[in-house]
Amino acid sequence: MSAPAPSIADYKRLGESRETVVKQQDLPLHCPTDETALWCAHPRVFLAIDSSPDKTARCPYCGTLYRLID
């Protein structure tokens with residue numbers, strides 16, 4: 001069984017998600033997140049955002065910037 005073809009909404013969401021805000025409840029943080037469409041996923045990488053001085057982390061694969069808020 002093949003995966004469904006990506007929709008226009010998937011492309012739009014991908015373009016808008018280059019910066020994502022996360023909360024403590026979302027930790028441990030990994031990219032891609034569970035909300036990412038399977039067709040555009042890369043290998044999962046865990047990001048140590050909670051130990052970062054400015055509470056940000058950037059994915060080395062896709063470049064998405066994550067910001068941790070309280």
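Two strands count as paired here if DSSP finds at least two bridges between them. With that in hand, let's walk through the sheet in this predicted model.

Three strands come together as an open sheet, and their order across it is S1-S5-S4. The pairing is mixed, and we will meet both senses along the way. At the edges sit strand S1, residues 19-23, and strand S4, residues 56-58, each of which pairs on one side only. From one strand to the next, the twist averages 25°.

Let's take the S1 side to begin with. Here S1 and S5 run in the parallel sense, and five bridges link them. If you would like a residue to look for in your viewer, try Lys-23: its bridge partner in S5 is Ile-69.

Now cross over to S4. Strand S5, which covers residues 65-69, pairs with S4 in the antiparallel sense, over three bridges. Two pairs help you find your place in this part of the sheet. Ala-57 stands opposite Tyr-66 of S5, while Arg-58 has Leu-65 of S5 as its bridge partner.

Finally, what lies between S4 and S5 in their hairpin? Six residues separate the two strands there, and in this hairpin Gly-63 takes a positive phi near 85°.

To put the picture back together, follow the order S1-S5-S4 once more: S5 meets S1 in the parallel sense and S4 in the antiparallel sense.

Methods
Residues are numbered from 1 along each chain as its sequence is written. This is a predicted model: local features need pLDDT of at least 70, side-chain atom pairs count only at pLDDT 80 or more; totals for chains, interfaces and linings use all residues. Side-chain values use heavy atoms; hydrogens and water are left out. Helices (H or I, at least four residues) and strands (E, at least two) are DSSP runs, numbered from the N terminus. Axes are lines fitted to C-alpha atoms, for helices over the stretch in contact, and angles run from 0 to 180 degrees between N-to-C directions.
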